[in-house]
Amino acid sequence: MEKHGFKICPLALSFFSLLAFTYAESSRKIGINYGRLGNNLPSPSQSVELIKSMKAGRIKLYDANPEILNLLSGTKIHVSVMVPNREIPIISLNQTFADQWVRVNVLAHYPQTMIRFIVVGNEVLSFYSDPDREIWSNLVPAMRGIKKSLKKNNIPNIKVGTSMAMDVMESSFPPSAGRFRADILNTVMTPLLQFLSATNSFFFLDVYPYLAWAENPSNISLDYALFTAGNGNGNGNVSYTDPITNLTYTNLLDQMLDSVIFAMEKLGYPNIRLLISETGWPNSGDIDQTGANAYNAAIYNRNLIKKMTARPAVGTPARPGMIIPTFIFSLYNENLKRGPGTERHWGLLDGSGKPVYGIDLMGEQNEFNDNQLPMPENNKPYRGKIWCVPSSGVNSELLGRALSYACSQGKGTCDDLAPGKECYQPVSVFWHASYAFSSYWAKFRSRGASCYFNGLAVQTTEDPSRGACKFPSVTL
């Protein structure tokens, strides 16, 4: 029986079936985040060639770099560009600026470069200073402005979103209890979800099982985090059943994804699609960063790719069969990223463009030559003392500045370096910095301080103390 006298011809059905098939196939292709915070990285042209050789289906940029967008012209790689956080306020307040941003960063390259996503801001809701909080209220209006400009230019196939970290969640365990933070619930998340639903866009999520596991390695199975629980490659059949939904989880990623799905459902949006804008596993890190090694990174990313490229699509327990577009973080180890050691070691490739481990983004390869891949030695938390000292061969002038910074932070950080004190001799920048770095880290680590000092410092398990001069340490 025909409804409202409307009939769909077989040709139209075939066309829409083809569109659905094409979307599904393109959505299964794994993407890579292309960050450029390094002083030793291949050029953009070399990088694009590497990306093509890796058969990446998508690339995500943290800006809209015109050189890279030009290099991607004529390829079949789908591209995600980003509106920097600092530009959100002015775009939100003035449609002219939104139009200008689209004209310069999209229209100048589209459609020859297959731009498919515009990410407005990077983890905006993870920054809490007063100026950052002002951007929170600008976020959705800026997204509306960008979308309005695309519509004026008759571009319907570019989705607009914003990337969120898991810290937007007030609760994520069990998954059915997932809910967003109270401070953003009504002011940001509700209008954001309204926008994503109305424009049929994605919830862009930066989700890292490594970070969740590393915070609690004694209570979360490493196999559960690496997708090896119960697949014959791990050390046991580990699963978790949500007591409310009775859904059973065999990996940590699904558990985290479903917590966001349930949080959206609680606000009345059960059908917004997920897109993983970042995920991965660090291939190295500091002594106190458990499980950060190339072996685990290879296992995680290979199993992630298998899951996301599976046919038929696997989805999650709450949304079985759902296709989840996924971007791995990241293309390179980026040596200028600040913070703990893992920050500089998420790459599939090192700074020279050499693979850190074998990877197949198509998900077709089952065997890899891992003879050169060392077995992990840090899968259990380190127990003992750690000190923070200058790296060998660092610039003395830069070291002096870092020494001055450490000593200026108070709490008696450098009291023992005063003339006549136990650690005053020998009088050298390297010696004084060694003490100051260890003392600073020991006193401020609980507040988030790291042993980094702009790349001048490293952790060590060898006590640098001499005679009566006893260096403060971090005890794990």
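## A walk from helix α13 outward

The buried residues of α13 pack against β13, α12, β14 (457-460) and β15 (474-475). Here, buried means under 20% relative accessible area, exposed over 50% and partly exposed in between, with a 1.4 Å probe and protein chains only, while contact means heavy atoms within 4.5 Å. Helices (H or I, at least four residues) and strands (E, at least two) are DSSP runs, numbered from the N terminus. Please keep in mind that this is a predicted model, in which local features need pLDDT of at least 70 and side-chain atom pairs count only at pLDDT 80 or more, whereas totals for chains, interfaces and linings use all residues. Residues are numbered from 1 along each chain as its sequence is written, and side-chain values use heavy atoms, leaving out hydrogens and water.

Let us stay with α13 for a moment. Twelve of the 16 residues of this helix are buried, so α13 is largely enclosed by the rest of the structure. Among them are the aromatic residues W431, Y435, F437, Y440, W441 and F444, together with H432, A433 and S434. The end C-alpha atoms of α13 are 21 Å apart, in agreement with the 22 Å that its 16 residues should span at 1.5 Å a residue; the expected span is 1.5 Å times one less than the number of residues.

From here, step across to α12, which covers residues 396-407. This helix of twelve residues reaches 16 Å from its first C-alpha to its last, close to the expected 16 Å. L399, A402, L403 and A406 of α12 are buried. Seen down the helix axis, these buried residues fall within an arc of 105°, so they line one face of α12; the arc is taken from the directions of the C-beta atoms from the axis. That set of residues packs against β13 (385-390) and α13 (429-444). On the other side of α12, you will find E397 and R401 exposed.

The loop that joins α12 to α13 holds P426, and the peptide bond from Q425 to P426 is cis, with omega near -5°. Another cis peptide bond runs from F329 to S330, with omega near 5°; S330 sits in the loop between β12 (326-328) and β13.

Next, look at a helix pair elsewhere in the chain. Helices α5 (residues 95-107) and α6 (residues 130-152) pack at an angle of about 60°, and their axes are 8 Å apart. On the α5 side, Q95, A98, D99, W101, V102 and V106 make the contact, and on the α6 side G145, I146, K148, S149, L150 and K152 do so.

The loop between β4 (115-122) and α6 contains E123, which has a positive phi of about 50° although E123 is not a glycine. N246 also has a positive phi, near 65°, in a residue other than glycine. N246 belongs to the loop between β9 (240-241) and β10, and at 57% relative accessibility N246 counts as exposed.

What about N251, in the loop between β10 (248-249) and α10 (252-266): is this residue buried or exposed? N251 is buried, with a relative accessible area of 5%. Leaving aside residues up to four places away in sequence, N251 touches Y224 and F227. For a sense of distance, N251 and G74 are 177 residues apart in sequence and 38 Å apart in space, C-alpha to C-alpha.

Terms used: Axes are lines fitted to C-alpha atoms, for helices over the stretch in contact, and angles run from 0 to 180 degrees between N-to-C directions.
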